[in-house]
Amino acid sequence: MSDDQDDIILADLDDEELVQQMFDDLYDGLKEEIEESVNILLARGWQPYDILTEALVAGMTIVGKDFRDGILFVPEVLLAANAMKGGMAILKPLLVETGAPKQGKMVIGTVKGDIHDIGKNLVGMMMEGAGFEVIDLGINNAVDSYLDALEAEKPDILGMSALLTTTMPYMKVVIDTLIEKGMRDDYIVLVGGAPLNEEFGRAIGADAYCRDAAVAVETAKTYVARKHNQAAMRA
Amino acid sequence: MTDALSRLLETRDWLMADGATGTNLFNMGLTSGDAPEMWNEEHPDRILALYKSAVDAGSDIFLTNSFGGNASRLKLHGAEKRARELSRISAELGRQIADKAGRTVVVAGSVGPTGEIFAPMGTLTHADAVEIFHEQAEGLKEGGADVLWLETISAPEEYRAAAEAFALAGMPWCGTMSFDTAGRTMMGVTSAAMVDMVESLPNPPIGFGANCGTGASDLLRTVLGFAAQGTERPIIAKGNAGIPKYHDGHIHYDGTPELMAEYAVLARDAGATIIGGCCGTMPVHLEHMKRALETRPRGPRPTLDQITELLGGFSSAGDGTGDDTAAPRRSRRGARRGE
């Protein structure tokens with residue numbers, strides 16, 4: 001930073017300026033500053049849920065957009081997600097206490113035969129960064145492993161990842177099994193991985209193909225909102 | 001004594017490397033999820049056949065079946081203690097083929113990424129990475145590899161760690177990165193930044209470049225980016241045979257042998273000295289590439305428009321070099337405290 005700018009005292013900023021500053025600090029991956037700002041807003045009487053959505057999630061949305069557009073890359077996104085995690089650690093117990101609505105829950109794993117996990121891990125981190133609860137099944141998951149997790153965790157979203165052209169067809173095996181068991185419509189199914197494309201996602205019966213972690217988050221938000229709306233209409 | 005690759009480069013102004021390892025092994029019956037390196041021991045005949053197919057198609061260099069043969073990757077198969085041994089065997093098999101070729105063929109000991117993210121964001125420390133790469137390097141050296149060949153790297157930290165390990169093993173080497181994200185590596189490295197990094201190493205590679213990534217057009221744009229830095233170091237181009245497409249339950253790469261021949265000639269015109277393929281590149285592609293490189297004259301450096309016309313469009317508008325360097329980062333509101 002150049003010397004001609006004044007140092008910022010976070011506690012001296014008004015609410016609106018502080019939230020703007022948090023967007024910057026998330027963007028720059030400054031964990032301690034984010035933690036301090038979260039505590040300041042809590043002390044000012046903000047609801048934990050409002051801090052989560054209006055400051056942290058909104059800030060991560062900016063990070064996600066610039067990642068999608070090739071302005072930010074993985075190292076910066078990991079730093080931002082880490083800063084977000086710092087803030088979340090403070091908010092998490094308070095969110096439970098106050099019974100705040102959840103963003104949604106996702107079960108994610110790399111499919112059977114595939115041992116690659118960097119892409120899946122990135123999606124997991126970005127989803128957590130966006131306020132979702134993420135259950136990570138790791139690599140090399142057979143149909144049963146997905147089914148067990150779906151029954152145990154009751155997530156909104158099932159995410160599957162594959163990096164190999166030889167393993168991506170297994171996603172269809174999982175989806176076909178869900179259809180067979182009459183469970184397909186209970187979940188939003190998102191798929192991703194380097195060799196996939198939209199055409200493939202449609203061909204195997206997924207709800208959507210997500211090109212990268214940022215797109216995964218945006219898609220998850222859209223589909224979860226739609227699901228909630230449908231549930232509200234039925235109620 | 002100099003290595004076989006350096007000797008070849010003294011007399012030739014282009015060399016052809018090999019094609020895909022994974023795609024070819026899957027065609028021979030490898031099941032996805034299994035470690036290809038196990039085949040060095042279980043099916044040496046198939047690995048020999050793979051190497052021979054590249055030599056028969058005219059490759060001057062082929063890579064050993066040891067891409068995932070480091071302790072970090074083998075750990076996923078419970079074979080982390082076998083990194084050195086499996087790597088050694090991959091090179092020994094390579095020697096068998098290269099020594100009977102009747103011409104100089106370089107056995108390049110393939111070293112792929114660890115698959116881990118470096119600390120502080122991930123768990124991998126520099127010291128651990130050097131140790132992992134060093135162990136594999138010693139195995140490849142024992143097996144008789146002429147050079148070590150680092151490939152598909154995304155993080156500059158990992159490239160540097162491997163270079164350090166190769167120095168410990170006292171081995172000459174080449175190293176390529178994979179530029180698959182808006183013209184940069186996943187970790188944001190541009191072609192220009194890679195040239196700077198390579199030249200800053202205490203033991204720079206014999207050749208450096210790009211492999212895998214997204215299609216032939218993108219790879220050539222990256223080669224042009226290397227060349228624009230005015231480097232004298234041989235540039236390596238190992239692009240995929242097109243883009244994978246899904247048809248009735250199976251996958252095939254859409255790059256035809258004719259397209260790969262076009263790609264090879266353009267790669268040479270763009271400034272590459274060592275030209276090969278990556279995923280999807282079969283012996284028939286290599287044969288077409290070799291014939292084109294031997295029979296077609298060198299041309300001027302291709303423009304981006306010419307590349308698009310001949311091979312198809314790019315995956316992103318820019319690649320972070322030239323006019324595209326000033327990415328519109330958010331302007332900060334002020335300084336942080338304590339800085």
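The radius of gyration is taken here over C-alpha atoms, and the globule rule sets the expected value at 2.2 Å times the number of residues to the power 0.38. For the 339 residues of chain B in this predicted model, that rule gives a compact globule a radius of gyration near 20 Å, and the 19 Å found for chain B agrees with it. Along the principal axes, the C-alpha atoms of chain B fill a box of roughly 65 × 50 × 50 Å.

The secondary structure of chain B consists of 13 helices and 10 strands. Of its 339 residues, 59% are buried. Among contacts in chain B with a separation of 6 or more, 77% are made by residues 24 or more positions apart. Chain B exposes about 13,300 Å², with carbon and sulfur atoms supplying 51% of that area.

It is helpful to turn next to the aromatic side chains. A pair of aromatic rings is described by the distance of the centres and the angle of the planes. With ring centres required to lie within 6.5 Å, the count comes to 5 aromatic pairs over all chains. In one of them, Phe166(B) and Trp173(B), the ring centres are 5.5 Å apart and the planes meet at 65°; since an angle over 60 degrees counts as edge-to-face, the pair falls in that class. Phe166(B) is buried, at 0% relative accessibility, and Trp173(B), with a relative accessible area of 2%, is buried as well. A second edge-to-face pair joins Phe179(B) to Phe226(B), with centres 5.8 Å apart and planes at 75°. This pair links distant parts of the chain, 47 residues apart: Phe179(B) belongs to the loop between strand E5 (173-177) and helix H9 (191-199) of chain B, while Phe226(B) belongs to helix H10 (residues 215-227). Both Phe179(B) and Phe226(B) are buried. Ring pairs also bring Tyr159(B), Phe166(B) and Trp173(B) together in a cluster.

Charged side chains meet aromatic faces in both chains. In chain A, Arg226(A) lies over the face of Tyr223(A), 4.7 Å from the ring centre. In chain B, Arg12(B) lies over the face of Trp14(B), at 5.0 Å from the ring centre.

Phe166(B) reappears in the surroundings of Ala137(B), a residue of helix H7 (residues 126-142) of chain B. Ala137(B) has a relative accessible area of 0% and is therefore buried. Beyond its neighbours within four places in sequence, Ala137(B) is in contact with Leu148(B), Phe166(B) and Ala169(B). Ala137(B) is 12 residues from Thr125(B) in sequence, and their C-alpha atoms are 18 Å apart in space.

The loop between E5 and H9 of chain B also holds Thr185(B), which is buried at 0% relative accessibility. The side chain of Thr185(B) reaches the backbone oxygen of Ser154(B) at 2.8 Å. Once neighbours within four places in sequence are set aside, the contacts of Thr185(B) include Phe73(A) from chain A, along with Ile153(B), Ser154(B), Met177(B) and Phe179(B).

Following this loop, helix H9(B) has Ser191(B), Ala192(B), Met194(B), Val195(B), Met197(B) and Val198(B) among its buried residues. The buried residues of H9(B) pack against helix H8 (156-169), E5, strand E6 (207-212) and H10 of chain B.

Terms used:
Residues numbered from 1 in each chain as written. Chains lettered and ligands numbered in written order. Predicted model: local features only at pLDDT ≥ 70, side-chain atom pairs only at ≥ 80, totals over all residues. Heavy atoms only, no water. Phe/Tyr/Trp six-rings, centres within 6.5 Å; stacked < 30°, edge-to-face > 60°. Buried < 20%, exposed > 50% of the residue type's maximum accessible area, 1.4 Å probe, protein only. Helix = DSSP H or I, 4+ residues; strand = E, 2+ residues; numbered from the N terminus. Lys NZ or Arg CZ within 6 Å of the ring centre and 35° of its normal. Contact = heavy atoms within 4.5 Å. Polar contact = N/O pair within 3.5 Å; in protein donor to acceptor, adjacent residues only side chain to side chain. Areas by Shrake-Rupley, 256 points an atom, 1.4 Å probe, with all protein chains shown as cover.
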